[in-house]
Amino acid sequence: MATAAAPTQLEAELYYLIARFLQSGPCKKSAQVLVEELEEHQLIPRRLDWQGKEHRRSFEDLVAVNAHIPPDYLLRICERLGPLLDKEIPQSVLGVQTLLGVGRQSLLRAAKDFRHTLWKGSAFAALHRGRPPELPVNYGKPPNVVNIISARQLTGCGRFSHLFPTSTYQHMKMHKRILGHLSSVYCIAFDRSGRRIFTGSDDCLVKIWATDDGRLLSTLRGHSAEISDMAVNYENTLLAAGSCDKVVRVWCLRTCAPVAVLQGHSASITSIQFSPARKGTTRYLTSTGADGTICFWQWHANTMKFKDRPVKFAERSRPGVQISCSSFSSGGMFIATGSTDHVIRIYYLGSESPEKMAELESHTDKVVAVQFCNNGDSLRFVSGSRDGTARIWHYQQQDWKSVVLDMATKMTGNNVASGEDKVTKLKVTMVAWDRYDATVITAVNNFLLKVWNSSTGQLLHSLSGHDDEVFVLEAHPFDQRIVLSAGHDGNIFVWDIDKGTKIRNYFNMIEGQGHGAVFDCKFSPDGQHFACTDSHGHLLLFGFGCNKYYEKIPDQMFFHTDYRPLIRDANNYVLDEQTQQAPHLMPPPFLVDVDGNPHPTRFQRLVPGRENCKDEQLIPQLGYVANGDGEVVEQVIGQQTNDQDESILDGMIRELQREQDLRLINEGETLPSPPLNRSHSVNGALRSPGLDVASPPNVGLRRSGQIEGVRQMHHNAPRSQMATERDLMAWSRRVVVNELPPGISKVQEECRAAKGEIEISLYTVEKKRKPSHTLQRNDYQPGSGRSLRRNQRKRQHAYQTRSTIEHSQQGASQNACARGESDSSSEEDETVGTSDASMDDPVAAWQSESSSSDSSSEYSDWTADAGINLQPPKRQTRQAARKICSSSEDENMKGTKGLEPKRRKLKQPRKKKPSGLLSMEGEPSEEWLAPQWILDTIPRRSPFVPQMGDEIIYFRQGHEAYVRAVRKAKIYSINMQKQPWNKMELREQEFVKTVGIKYEVGPPTLCCLKLAFLDPITGKMTGESFSIK
């Protein structure tokens, strides 16, 4: 019998690894037999001596030589084979780990073995159970569109995914990047037709752009602080914008006339939404604010008149709570809000007036995003929180039940993303549904996007590609496969969430300035375009087709009137300071660049109302004038200041408009009738005497060298003469945004109404069902004093908006009484209008539970930079005699000595002098004056002054030494039985969080802290606590 051929080195090593694997498992007898046979047949790898001669060796020798090889080495090799192979040739069923697969699941698969077979045209026409066939997974290129259309003609149906494969979206390209604002642009919206784009910026302006060619059509002025959110009503007649100036402004889209100025909040607006629901002619606009309130503004669909007083809910479970996000259901009968107190609140609009129906307290950190599903067939919404989870909520059996999506979940098998472990504490930054609600997409602060099954909560895909946090997730308006994401890394990705693949990537690189962070992004309703805004004031337009029309516009588009000062009346309506006219009635302005220089003739014709002017009339004459430094510079004559207080530039514009009107009349053209919805009473109110001059703040200039640019043009543009009634009529004829055609509007309204009726019926049915025994409850404890960190303005749409408190107000508490109002959250209980939701003094409950006195504060004048922004708590009883102004910040005046009854102090071993009483002159003696540490307005390393929500390490040994020093010096009496180490088992170091602060007036002034234990691994509170003084 012939002897077997000698094994190769690889075979011999495999035998060895099999034997080692068997030895480590239950099959030890098999391993012993295998080792004996290996030695008998000389299958053990031989050793080489220094002369290169081979020698036999035993199995034990081989084990000793290869001590670095663990017994499960073979198993670990097999586990890694699959993911490595998937990168080259993906398997058909992702995430399945098997060594015994066949076909595309086989570990021996090769690319050439899976080339698809091209289908004939007849194959596409074959119906399976009345439906077109599904393409096999390994079908390579998209099918021929001719075959698809031919099959659809034969059968009458076809698959959208066949006709429009996701690869088509690779043809979307950037048409134009336009600089239109001087500051970051956090808000963008399309109108309901998709033909107009609205941008809202930190330069206080809202601008209207044409989608098809990128023209700047109008600028809406009036806000005095950053724009935080915008919304367009469903009839396409109104635009509402919320701002950090605490005001909601509503404009008529047809004429750009102001419709309403809504003042119901005492802090910045964080989100704004028009309700899809209809009740006859009654409609609702909702606004949420950093003051912890939500306002329901009622308006009339025909007259577009708003009620002055909203239905208002003050939702403040503790001081400083902000409502950060909101979302309406598709039928408009429900709205969900997310707050910094970890609570989700749901309001019902199906009854006579809005009412709160539920508070969900399952999250353990800020709720930063909520989004209702797109279809009305179920009452579902998703919420995302900084606690590292998202929850899909579903109303069933009288209760909102949730499926938890844990961001720590990882993909099994192949899609192990490299960015999973970039951050220690995972947080959700944004959530979204696909168009058909089959999946939920979440953005995580480790820069990954996770795609989840919305019914089961199973993780389907983990999408990597971003290099910074993602705050924009936008689903395609009708293609459920497509989702858009954008982040602070300047990347814009188009994803196929069915396959979990990247379709297209754009990078917002700005020449000479690095990349611009993308802050917001929206699809047009027809899906043909999407538009983005960035941190540098740009509008980016993307879409299918060519760039021909966008090449006709300049890269920088401003009107010369954009930054002119405004004057305001008592109702906060505005007039242009120099012309004394309402901004929407001013003549068509000149188009200028960022430095204020007029654009050439061809660009000036892009301004609405000036399309037919002659060339010589479009460009102001240039002249040479001497500036203040004695230098002769070239300047636009129309911008010079003259003694007659008249602007040549504005005069030219008015003259050109008159000529154009006369020419149109002579040619017999019919002038369009003025809009019926122009409010003359508004204009009359604007002309009231006693107007206060208030220019928008000079915030957020893009570069320091541009301060003499377009923002400063009002210095060179003197007041023009008043326009005549003839001019006003002519200028108001233009239609900036058309209403939806009546037929389309009616169909859409009926669809929304049907969805609303379905939602009411679903709610009614589930309300009658018996509740299940395990109701969803949470471990949230009021008064736990979790840190309320600053809302990062990387936010959000139905998102999270920018920080609602400005640095200047955080550091200026000494001047609180000098201001009438402040942007910080007001602590007053007064509500505007008919509130159904006055709470049973939740602030008092918080204060008692956190052991803080009536004037203790979790507010810090210097924690904004550290990311913490805690608001001052409200007094339990109003003390009008002591209060001069109503600002909440005067409770934190660190410069006032001896006025506040109690002040804070940390456990610092400061030696205090024995207490004395009043001095001879009746003034407090030195011991009774506030110590220096409590008067500081500048952060210091020592002494440490505690703030609510501080996470600190407590050293028992140091505390014991402090107590001994106090007792030895007899500074104040200490009860040793109440010391924490005598009441519980304390380790030498404890990781704790400040959840309560109380002050004892001296001498000496003491600070009493309530410290809650934190789990050192998860960072969450364990529920136990102790107090120190």
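**Notes on a predicted model**

1. A good place to start is the surface, where V145, V146, I149 and L163 form a nonpolar patch with about 290 Å² of accessible area together. Please keep in mind for this and every other point that the model is predicted. The element that gives the most to this nonpolar patch is helix α6, residues 145–155, which supplies 3 residues.

2. Within that patch, V145 deserves a closer look. V145 belongs to helix α6, and its relative accessible area is 41%. Is V145 buried, partly exposed or exposed? V145 counts as partly exposed, because 41% falls between the 20% limit for buried and the 50% limit for exposed.

3. Next, the helix packing. Two packed helices are described by the angle between their axes and the distance between the axes. For helix α1 (residues 9–23) and helix α4 (residues 73–88), the angle is about 110 degrees and the axes are 8 Å apart. That makes α1 roughly perpendicular to α4, since this description covers angles of 65 to 115 degrees. Which residues make the contact? On the α1 side they are L14, L17, I18 and F21, and α4 contributes Y73, L74, L75 and I77.

4. You may want to check the backbone at N236. This residue is not a glycine, yet has a positive phi of about 65 degrees. Look for N236 in the loop that runs between β8 (227–232) and β9 (238–243). Although N236 sits in a loop, N236 is buried, with a relative accessible area of 0%.

5. D437 is worth viewing in the same session. Here too phi is positive, near 65 degrees, in a residue other than glycine. D437 is placed in the loop between β24 (428–433) and β25 (439–444). Is D437 buried or exposed? D437 counts as buried, because its relative accessibility is 4% and the cut-off for buried is under 20%.

6. Finally, a point about L566, a residue of strand β38, which spans residues 566–568. L566 is buried, with a relative accessible area of 2%. How far is L566 from Q581 in sequence and in space? L566 and Q581 are separated by 15 residues along the chain, and their C-alpha atoms are 9.8 Å apart.

Key. Residues are numbered from 1 along each chain as its sequence is written. This is a predicted model: local features need pLDDT of at least 70, side-chain atom pairs count only at pLDDT 80 or more; totals for chains, interfaces and linings use all residues. Side-chain values use heavy atoms; hydrogens and water are left out. Patches are made of residues with over 30% relative accessible area and no salt bridge: like charges are joined within 9 Å, nonpolar side chains (Val, Leu, Ile, Met, Phe, Trp, Tyr) within 5 Å. Accessible areas come from the Shrake-Rupley method with a 1.4 Å probe; for residues, only the protein chains shown count as cover. A salt bridge is a side-chain nitrogen of Lys or Arg within 4 Å of a carboxyl oxygen of Asp or Glu. Helices (H or I, at least four residues) and strands (E, at least two) are DSSP runs, numbered from the N terminus. Buried means under 20% relative accessible area, exposed over 50%, partly exposed in between (1.4 Å probe, protein chains only). Axes are lines fitted to C-alpha atoms, for helices over the stretch in contact, and angles run from 0 to 180 degrees between N-to-C directions. Angles under 35 degrees count as roughly parallel, over 145 as roughly antiparallel, 65 to 115 as roughly perpendicular and the rest as oblique. Contact means heavy atoms within 4.5 Å.
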